[in-house]
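Visitor: I should like to examine this structure with you, one question at a time. Please show it first.

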Amino acid sequence: MIKVDWTPQICHLSRKLNRYDIKSHKVSLIDKLTTFDGLEKNCESDPIYSKLVASDIEKLCLNIVKHVQEISGGNTQIRQMTVFFKIDSQNRLWLLKCTNL
């Protein structure tokens, strides 16, 4: 999972992968599914090396900001947001959730 902390000045990306196999019966379901919202011992942090992925994510964040501004008639301007993305097995980027606007 990729976490993005976005402001107009900066776009900080971090990535975490769960250490456990989803099919394992030795670990609780919660421990197998958590990343940013779970215990640090359950995850590995990885840097995002791809400039293309980082650029795509930043463009998506800007599109979210522009969309909110447009549908609000210019009355709402996003000053910060935390957004979560996932890259699937076919290298497609998926927006999972936004937890802070």
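Visitor: Which residue follows α2 with a positive phi?
Guide: This is a predicted model, in which local features need pLDDT of at least 70 and side-chain atom pairs count only at pLDDT 80 or more, while totals for chains, interfaces and linings use all residues. Residues are numbered from 1 along each chain as its sequence is written, and side-chain values use heavy atoms, with hydrogens and water left out. Helices (H or I, at least four residues) and strands (E, at least two) are DSSP runs numbered from the N terminus. Phi is positive, near 70 degrees, in the residue that follows α2, glycine 73.

Visitor: What distance does α2 reach from its first C-alpha to its last?
Guide: Helix α2 covers residues 51–71 and has 21 residues. The expected span of a helix is 1.5 Å times one less than its number of residues. The computed reach is close to the expected 30 Å, namely 30 Å.

Visitor: Which backbone nitrogen does a side-chain oxygen of serine 50 reach at the start of α2?
Guide: A polar contact is a pair of N or O atoms within 3.5 Å; within protein, one must be able to donate a hydrogen and the other to accept it, and residues adjacent in sequence count only if both atoms are side-chain atoms. Here the serine 50 oxygen comes to within 3.3 Å of the backbone nitrogen of leucine 52.

Visitor: Why do the buried residues of α2 lie on the same side?
Guide: Buried means under 20% relative accessible area, exposed over 50%, and partly exposed in between (1.4 Å probe, protein chains only). In α2 the buried residues are Ile57, Cys61, Val65 and Val68. An α-helix has 3.6 residues a turn, so residues three or four places apart point the same way. Taking the directions from the helix axis to the C-beta atoms, these residues are on the same side of α2 because they cover an arc of only 80 degrees.

Visitor: Which exposed residues does the face of α2 turned away from its buried side carry, and which strands are included in the cover of its buried residues?
Guide: The face turned away from the buried side carries Lys51, Leu52, Lys59, Glu70 and Ile71. With contact meaning heavy atoms within 4.5 Å, the cover of the buried residues includes β1 (2–6), β2 (11–18), β4 (81–87) and β5 (93–100).

Visitor: What is the order of the strands in the open sheet?
Guide: Two strands pair if DSSP finds at least two bridges between them. Five strands form the sheet, and their pairing is antiparallel. The edge strands, each pairing on one side only, are β3 (43–46) and β5. The order is β3-β2-β1-β4-β5.

Visitor: What is the bridge partner of lysine 3 in β2?
Guide: β1 and β2 form a hairpin with four residues between them, and five bridges join these antiparallel strands. One partnership links isoleucine 2 with arginine 15 in β2. For lysine 3, the partner in β2 is serine 14.

Visitor: With which side chain does the side chain of tryptophan 94 make a polar contact?
Guide: Tryptophan 94 lies in strand β5 and is partly exposed, with a relative accessible area of 44%. Not counting residues up to four places away in sequence, tryptophan 94 touches Phe84, Phe85, Lys86 and Asp88. The polar contact, at 2.8 Å, is with the side chain of aspartate 88.

Visitor: Is asparagine 91 buried or exposed?
Guide: Asparagine 91 is found in the loop between β4 and β5, and its phi is positive, near 60 degrees, in a residue other than glycine. Because its relative accessibility is 67%, asparagine 91 counts as exposed.
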